[in-house]
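Please open the model in your viewer and set the display so that side chains can be selected. The tour proceeds one selection at a time.

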Amino acid sequence: MHIGANVSIAQTGLLRAVEESISYKADTYMIYTRSNRGGQAKPIENFHRDEAIDIMNQHGLADPVVHLSYLVNLASPKEETFEYGVMVLTEEIKRVEYLGFQYIVMHPGSHVGTGMSLGIKRIAEGLNSILTGDESLFLCLETMAGDGSKVGNRLEEIAELMALVDHRERLGVCIDTCHNYSAGYDIVNDFDDFLAQFDDLIGLDLLKVAHINDSKTPFDSHKDRHANIGRGSLGYEAINRIVHHPLLQDIPLILETPGGYYKQEIALLRGETDELPPEGKDSGEGI
């Protein structure tokens, strides 16, 4: 099992992320390289890349992930929002390539009333204006929870979007256990069926990252509210089966649970403790 968490880059960039991950006894991690509040991104050259990578190698940390700012919305009908998203994603690809990471996870976007079909086409338009095919990483579309006007709640939507992208070889998918359960996929009782659908529609070779979260809301709720492992509607047993599934052993599994109880949750999923984490307060924004 290749597990880590969403960690901070405050002050010392990758050094902070690596040190935090080591403290959790993680072997991978995820970061945002820029604030979700907008504004100028911290220069990527100030992330202490080389020193951090040396420490990663010493401690067996591998396959880190970057999450794109969720201010990016390529599905937006507003030209200024679309152009901002194209600019940020184009810049982020260069930043992540500088770090030498393989994966950027992005929310596909929200059509804000124009409809799913137009939203999918708009995102594809944006990706086709950005991707050249020469990228050294995978842009991973995240499966969503079905809330609001978000694109990518159903696997069919992800597959339709990917089919419209010219350089599909640069794409991957990130699943999210909270999102999938909230979107109406019964991964508690039949995760194998979900994977079979994924394979039929997209192909399991394109499953690159998984976000591991319990859900504060019930099955098929269409709400994106993350809960700590064992403290939500999926429950510990189902999540434990998922993270130990043979088909997920070679991809980074990233916790985005509230409260910062990552060390305890990683130990729980590794079978090193049977104590559930406390219940952290979810921001309600989803990630």
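The stops below concern aromatic rings and the charged side chains placed over them.

This is a predicted model. It holds seven aromatic pairs. For the opening stop, select Tyr 185 and Phe 194. The centres of their rings are 5.1 Å apart and the planes stand at 70°, and because planes over 60 degrees apart count as edge-to-face, this pair is edge-to-face. Are these two residues buried or exposed? Tyr 185 and Phe 194 are both buried.

Keep Phe 194 selected and add Phe 191. These two residues also form an aromatic pair, with 6.0 Å from centre to centre and 25° between the planes; the pair is stacked. Now show the backbone as a cartoon. Phe 191 and Phe 194 both belong to helix 7, which covers residues 191-201. They are three residues apart in that helix, about one turn.

Next, consider how much of each side chain is accessible. Phe 191 has 8% relative accessibility and therefore counts as buried, since the cut-off for buried is under 20%. Phe 194 has a relative accessible area of 1% and is buried.

Select Tyr 185, Phe 191 and Phe 194 together. What do these three residues form? They form one aromatic cluster.

Now move to the charged side chains. Select Phe 82 and Arg 122: Arg 122 lies over the face of the Phe 82 ring, at 3.9 Å from the ring centre. Finally, select Phe 138 and Lys 208. Here Lys 208 lies over the face of Phe 138, and the distance from the ring centre is 4.3 Å.

Definitions and conventions: Residues numbered from 1 in each chain as written. Predicted model: local features only at pLDDT ≥ 70, side-chain atom pairs only at ≥ 80, totals over all residues. Heavy atoms only, no water. Phe/Tyr/Trp six-rings, centres within 6.5 Å; stacked < 30°, edge-to-face > 60°. Buried < 20%, exposed > 50% of the residue type's maximum accessible area, 1.4 Å probe, protein only. Helix = DSSP H or I, 4+ residues; strand = E, 2+ residues; numbered from the N terminus. Lys NZ or Arg CZ within 6 Å of the ring centre and 35° of its normal.
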